[in-house]
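This report goes through one protein model for a reader who has not seen it before. Please keep the sequence and the structure in view while reading.

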Amino acid sequence: MAESFIYNVPNALSSSDCKSLIDCIESNIEYSDIEHVVKPDGSLLKLMRSLNSNPGHEYSDILEPYNDKIKSILVHHFKIYFNTYMDNGMKHGIEPIDTIDQIKYQKFSPPGHFDWHFEQGAREDSKGRFLVWMIYLNTIEKTGSTDFYYQQESYQPLEGSLLMWPASFTHMHRGNSNLDTEKYIATGWFNFDKLYS
């Protein structure tokens, strides 16, 4: 991790929780948002469904136990990640639970993917992002990897594994376009804006 700043830990979320979350996504798919995805030729294809953890949705009560569990996992691993780079005694005063943005539960259907992008930008909802996280909810043997452009690293979806990386342009990434089966993830950001809202 020290060279690439990409944190990867297996079995962060249990297999039973991953399977339950996939069942929850499928059971509530009619309430999900359809977000833009692209084909390998660059044309738009809307094959990515997303359930957001914001209160008020029809399924928010169902997701709440998963939200609490995932936030606990994120707080634990955030401290490991941060301490790796802040081990010189610097005081940062950041409480990770105060910076966690909404949790998104997503389903990608072939060949749906996000092309090269990074997570921090000028838009109001993305300018405060400083760290991205993703938990794979299912294992995919050969396709659908998460690829990092500058680091020249790829991570294959492995049920329950957690990835964490900087949100800035240094970590441009994509979901590989060769997806050949459904891909399920939980994802979101640590966001400085939440400290001051």
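Does Cys18 count as buried or exposed, and at what relative accessibility? Cys18 has 0% relative accessibility, so it counts as buried. The structure discussed here is a predicted model.

## Overall make-up

The protein has 197 residues, 50% of which count as buried. Its secondary structure consists of 2 helices and 10 strands. Along the sequence these follow the pattern β-α-β-β-α-β-β-β-β-β-β-β.

## Helix H1

Helix H1 runs over residues 15-27. At 1.5 Å a residue, its 13 residues should span 18 Å, and the end C-alpha atoms are 18 Å apart, which agrees.

The buried residues in H1 are Asp17, Cys18, Leu21, Ile22, Cys24 and Ile25. They cover an arc of only 160° around the axis, and therefore lie on the same side of H1. On the other side of the helix, Asp23 and Ser27 are exposed.

## Cysteines and disulfides

Cys24, like Cys18, is listed among the buried residues of H1. Cys24 counts as buried because its relative accessibility is 7%, while the value for Cys18 is 0%.

A disulfide is a covalent bond between the sulfur atoms of two cysteines. A search of the whole structure finds 0 disulfides.

## Salt bridges

A search of the whole structure finds 5 salt bridges. One of them joins the side chains of Lys69 and Asp17, at 3.0 Å from N to O. Lys69 is in helix H2 (residues 60-85) and Asp17 in helix H1, so this pair ties together parts that are 52 residues apart in sequence. Lys69 counts as partly exposed, at 39% relative accessibility, whereas Asp17 is buried, with a relative accessible area of 13%.

Helix H1 also takes part in a salt bridge between the side chains of Lys107 and Glu26, at 2.8 Å from N to O. This pair links distant parts of the chain: Lys107 belongs to strand S4 (residues 104-108) and Glu26 to helix H1, 81 residues apart. Here Lys107 is buried, with a relative accessible area of 13%, and Glu26 counts as partly exposed, at 31% relative accessibility.

Asp147 and Arg174 form another salt bridge, with their closest N and O atoms 3.0 Å apart. The two residues are 27 apart along the chain, Asp147 in strand S6 and Arg174 in strand S9 (residues 173-175), and the pair links distant parts of the chain. Asp147 counts as buried at 6% relative accessibility, while Arg174 is partly exposed, with a relative accessible area of 22%.

## The loop between S6 and S7

Strand S6 (146-148) and strand S7 (153-155) are joined by a loop that contains Tyr150. At 52% relative accessibility, Tyr150 counts as exposed, since the cut-off for exposed is over 50%. Together with Trp116 and Tyr149, Tyr150 makes a nonpolar surface patch of about 350 Å².

Gln152 is in the loop between S6 and S7 as well. Its relative accessibility is 73%, so Gln152 counts as exposed. Although Gln152 is not a glycine, it has a positive phi of about 50°.

## Phe5

Which value does phi of Phe5 take? Phi of Phe5 is near 65°, a positive value in a residue other than glycine. Phe5 sits in the segment before strand S1 (7-9), and at 34% relative accessibility it counts as partly exposed.

Terms used. Residues numbered from 1 in each chain as written. Predicted model: local features only at pLDDT ≥ 70, side-chain atom pairs only at ≥ 80, totals over all residues. Heavy atoms only, no water. Helix = DSSP H or I, 4+ residues; strand = E, 2+ residues; numbered from the N terminus. Expected span 1.5 Å × (residues − 1). Buried < 20%, exposed > 50% of the residue type's maximum accessible area, 1.4 Å probe, protein only. Arc of directions from axis to C-beta. Disulfide = S-S within 2.5 Å. Patch = residues over 30% accessible without salt bridge, like charges linked within 9 Å, V, L, I, M, F, W, Y side chains within 5 Å. Areas by Shrake-Rupley, 256 points an atom, 1.4 Å probe, with all protein chains shown as cover. Salt bridge = Lys/Arg side-chain N within 4 Å of Asp/Glu carboxyl O.
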